[in-house]
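Student: Could you take me slowly through one small part of this model, and then show me how the rest of the chain is put together around it? I'd like to know what touches what, and what is buried or exposed.

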Amino acid sequence: MAMMECPECGKEVSDKAAACPNCGAPIAAPPPKAARPGREPDGVSRSTRSGGAWEAIGFLLIVAGMLIGMAGNGGLGWALGLSGFVVFLVGRFK
Ligand SMILES: [Zn+2]
């Protein structure tokens, strides 16, 4: 367990203690980020916001390519599906 300095008397106290055992001052230790419940990491919401349109377009292109491929035009279907995959990846890393 980590020790920290009491803001009031300067004595070393455990950061798990609610108050300094020496002078009784409350120990305001910032809670660790991982322990904060109900919050998604910032990276998740950011990646879904920007680039989301690209992912949707890429996905549509892949589906269209698959449909065209199944309809008999395999070459065009492949080209559409591949470009859709590239657009999807671009959206992923945007
Ligand atoms: Zn103290």
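Tutor: Let's start with Cys9. Skip the neighbours within four places in sequence, and Cys9 is in contact with Cys20, Asn22 and Cys23. Before you read too much into that, remember that this is a predicted model. You'll find Cys9 in the loop between strand E1 (3–5) and E2. Is Cys9 buried or exposed? Count the other C-beta atoms within 10 Å and you get 12. The cut-off for exposed is 12 or fewer, so Cys9 counts as exposed.

Now hop over to its partner, Cys20. Along the sequence, Cys9 and Cys20 are 11 residues apart, while their C-alpha atoms sit 8.7 Å from each other in space. Cys20 belongs to another loop, the one between strand E2 (12–14) and helix H1 (42–49). Cys20 has 21 C-beta neighbours inside 10 Å, and that is why it counts as buried; the cut-off there is 20 or more. So this contact joins an exposed residue, Cys9, to a buried one, Cys20.

Who else does Cys20 touch? Leaving out neighbours within four places in sequence, its contacts are Cys6, Glu8, Cys9, Lys11, Val13, Ala25 and Ile27. Another pair to look at is Cys20 and Pro7: they are 13 residues apart along the chain, with 9.1 Å between their C-alpha atoms.

Okay, zoom out. The protein chain has 3 helices and 2 strands, and their order along the sequence is β-β-α-α-α. How far can you trust the picture? Mean pLDDT for the chain is 81, with 76% of residues at 70 or more. Confidence is highest in E2, at 91, and lowest in H1, at a mean of 53. Where pLDDT is low, the predicted coordinates should not be read in detail. With that in mind, let's move past H1 to the next two helices.

H2 covers residues 52–70, which makes 19 residues. From first C-alpha to last, H2 spans 27 Å, close to the 27 Å expected at 1.5 Å a residue. Its buried residues are Gly58, Leu61 and Gly65. Looking down the axis of H2, those buried residues fall within an arc of 60°, so they line one face of the helix. If the spacing puzzles you, here's the general idea: an α-helix has 3.6 residues a turn, so residues three or four places apart point the same way. Over on the other side of H2, Ala53 and Met70 are exposed. Leu67, also in H2, is partly exposed, with 13 other C-beta atoms within 10 Å.

What covers the buried residues of H2? Helix H3 (74–93) is included in that cover. Between the two helices, look for Gly72, which follows H2 and has a positive phi, near 125°. One pair you can check across these helices is Leu67 and Gly77: 10 residues separate them in sequence, and 7.2 Å separates their C-alpha atoms.

H3 itself has 20 residues and reaches 29 Å from end to end by C-alpha, close to the 28 Å expected. Its buried residues are Leu80, Gly81, Gly84 and Val87. Seen down the axis of H3, they fall within an arc of 125°, so they too line one face of their helix. The cover works in return as well: what covers the buried residues of H3 includes H2.

The other side of H3 has Gly74, Gly75, Val86 and Phe93 exposed. Take Val86 as your example: just 12 other C-beta atoms lie within 10 Å, so it counts as exposed. Val86 and Ile62 are 24 residues apart in sequence, and their C-alpha atoms are 9.6 Å apart in space.

One last zoom out. Buried residues make up 10% of the 94 residues in the protein chain, and you've now met several of them, including Cys20 and Leu61. As for contacts between residues at least 6 apart in sequence, 29% of them join residues at least 24 apart. If you want to retrace the route, go back to Cys9 and its contacts with Cys20, Asn22 and Cys23, then follow Cys20 to its own contacts, Val13 and Ile27 among them.

Definitions and conventions: Residues are numbered from 1 along each chain as its sequence is written. This is a predicted model: local features need pLDDT of at least 70, side-chain atom pairs count only at pLDDT 80 or more; totals for chains, interfaces and linings use all residues. Helices (H or I, at least four residues) and strands (E, at least two) are DSSP runs, numbered from the N terminus. The expected span of a helix is 1.5 Å times one less than its number of residues. The arc is that of the directions from the helix axis to the C-beta atoms. Two residues are in contact if their C-beta atoms, placed from the backbone, lie within 7 Å. pLDDT is the predictor's confidence in each residue, from 0 to 100.
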